[in-house]
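User: Could you take me through one part of this protein in detail, and then set it in its wider surroundings? A connected account would suit me best.

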Amino acid sequence: MLLQSTTNPLIDLSRKTNGTQDRAEFAKHVADGLSQHPKKLSSRYFYDAKGSKLFQQIMDLPEYYLTRAEYSLMQRHRSAMVRAFAAGGFFHLVDLGAGDALKTKLLLQELERQQKPFDYVPMDISGSAMQELSKDLQQAHPDLHVQAVVAEYITGLQWLEQHLTERKVVLFLGSNIGNFEREEGLEFISQIRRHLQPGDLFLLGVDLTKDPDIILAAYNDASGVTAAFNLNLLERINRELGGNFDLDDFKHFALYDPQLGVMKSFLVSQCEQEVYLEANQARYSFAAWEAIHTESSHKYTLPQATEMGRSAGFELVTSYLDEKGGFADMLFKAI
Ligand code: AVI
């Protein structure tokens with residue numbers, strides 16, 4: 001019992017900038033980050049074409065348990081999830097940062113199996129990912145109504161509020177919330193809440209605190225893929241901003257703080273050096289062993305994540321856990 005059998009053309013709300021503007025923004029970010037003490041760069045710049053490929057490889061690593069845990073959790077609980085989603089009748093299934101929707105496809109199959117009325121609204125900043133996903137779904141689920149949106153999260157949410165009037169179930173999977181610092185994470189979830197109506201649902205993928213050795217290994221794999229992923233940020237600066245970083249002079253370093261529940265990744269300068277950036281016509285100096293903070297991956301306890309949802313204006317409906325109890329998809333209801 002599906003609404004329509006169409007896959008609409010993409011809605012593209014991405015900022016129409018020319019490459020020059022993007023480059024200037026990136027150059028400013030790097031200038032600011034490398035002039036600070038301590039130095040920092042944002043992990044949002046990890047994901048150029050090479051970085052996205054490396055992230056795909058990370059998800060297949062034996063040490064990187066997160067993707068497998070959430071996938072198996074979905075296999076385990078999808079029937080109950082679908083019943084909870086569809087209890088109020090027709091809904092828009094909104095997938096924030098959908099990518100290739102590997103995990104969401106399990107839900108789509110189950111929703112169709114249970115013949116629930118819904119349509120699917122994947123959102124992602126990558127136009128090519130949304131193009132491929134729409135094509136793929138058209139073949140695999142010809143009866144499913146799909147409306148892919150290319151947008152940054154907040155722009156996508158605004159569009160959602162203005163254009164989709166019926167009930168919504170919003171997915172934010174993959175522990176992407178972990179890459180926000182704690183306060184930013186709360187602010188982001190509050191933003192999601194502001195674009196929803198009471199009774200709408202929100203499914204949040206959260207990597208839970210666990211044995212610190214397991215977490216550390218996930219971000220410091222033996223084959224060095226995570227190191228390459230981290231170092232690619234410097235390669236990207238060289239490529240796009242005319243930098244002269246010597247990658248051999250930097251090393252990936254990861255540490256987990258079990259009290260704060262945060263995994264931190266750094267690029268550490270192995271010698272005293274200066275790096276030149278053509279885009280800024282500026283030099284940045286590094287002391288020996290000075291580090292650039294490049295990523296935080298926050299881990300939560302269930303009570304901490306429940307409280308974050310509550311502070312953002314949601315109540316917890318239920319938490320679906322993987323069999324090891326290390327990863328949760330937490331279902332919240334907007335109040
Ligand atoms: C995308 N994000 C949830 C990943 C994480 O686990 O923080 C990114 C990542 N960084 C290193 N490995 C994976």
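Where is the place of Pro 38?

Analyst: Happy to help! Please keep in mind that this is a predicted model. The place of Pro 38 is the loop that runs between α1 (19-35) and β2 (39-40). What deserves your attention there is the peptide bond leading into Pro 38 from His 37: this bond is cis, and its omega is near -5 degrees.

Now for the wider setting. The protein is divided into two parts, with domain 1 made of 2-10 + 96-210 + 299-334 and domain 2 made of 21-63 + 212-298. Their C-alpha centres are 28 Å apart, and the contact draws on 12 residues from domain 1 and 14 residues from domain 2. There is also a record to consider: an unreviewed UniProt entry carries the annotation "domain: Histidine-specific methyltransferase SAM-dependent" for residues 26-333. Over residues 26-333, helix accounts for 41% of the chain and strand for 25%, while the C-alpha atoms at the two ends are separated by 37 Å.

Another loop has a backbone detail of its own. Ala 101 sits in the loop between β3 (91-96) and α4. Its phi is near 55 degrees, which is a positive value in a residue other than glycine.

From that loop we can go on to α4 itself and its partner α3. Helix α3 spans residues 66-86 and helix α4 spans residues 104-113; their axes come within 9 Å and cross at roughly 40 degrees. The two helices are therefore oblique to each other, and their crossing is right-handed. On the α3 side, the residues that meet α4 are Tyr 71, Met 74, Gln 75, Arg 78, Ser 79, Met 81, Val 82 and Phe 85, and their counterparts in α4 are Leu 106, Leu 107, Gln 109, Glu 110 and Leu 111. Sorted by class, this contact of α3 with α4 has 8 nonpolar, 3 polar and 2 charged residues.

Next, have a look at α7, which takes part in two helix pairs worth viewing together. The first is with α6 (residues 153-163): the axes of α6 and α7 come within 9 Å and cross at roughly 15 degrees. An angle under 35 degrees counts as roughly parallel, so α6 and α7 are roughly parallel to each other. The crossing of α6 past α7 is right-handed. Here Tyr 153, Ile 154, Leu 157 and Glu 161 of α6 meet Phe 188, Gln 191, Ile 192 and Arg 194 of α7. By class, the α6 contact with α7 has 5 nonpolar, 1 polar and 2 charged residues.

The second pair joins α7 (residues 182-194) to α10 (residues 302-311), with axes 8 Å apart and a packing angle of about 50 degrees. That angle makes α7 oblique to α10, and once again you can look for a right-handed crossing. From α7, the contact uses Arg 182, Gly 185, Leu 186 and Ile 189, and from α10 it uses Gln 304, Met 308 and Ser 311. The classes in the contact of α7 with α10 are 3 nonpolar, 3 polar and 1 charged.

To return to your starting point, the cis bond lies between His 37 and Pro 38, and Pro 38 belongs to the loop between α1 and β2.

Technical notes. Residues are numbered from 1 along each chain as its sequence is written. This is a predicted model: local features need pLDDT of at least 70, side-chain atom pairs count only at pLDDT 80 or more; totals for chains, interfaces and linings use all residues. Side-chain values use heavy atoms; hydrogens and water are left out. Axes are lines fitted to C-alpha atoms, for helices over the stretch in contact, and angles run from 0 to 180 degrees between N-to-C directions. Helices (H or I, at least four residues) and strands (E, at least two) are DSSP runs, numbered from the N terminus. Angles under 35 degrees count as roughly parallel, over 145 as roughly antiparallel, 65 to 115 as roughly perpendicular and the rest as oblique. A crossing is left-handed if the near helix is turned anticlockwise from the far one by less than a right angle, and right-handed if clockwise. Contact means heavy atoms within 4.5 Å. Ala, Val, Leu, Ile, Met, Phe, Trp, Tyr, Cys and Pro count as nonpolar, Asp, Glu, Lys and Arg as charged, and the others, Gly among them, as polar. UniProt positions are given in the numbering used here, feature names are shortened, and annotations may be inferred rather than shown by experiment. Domain bounds come from an automatic or database domain assignment.
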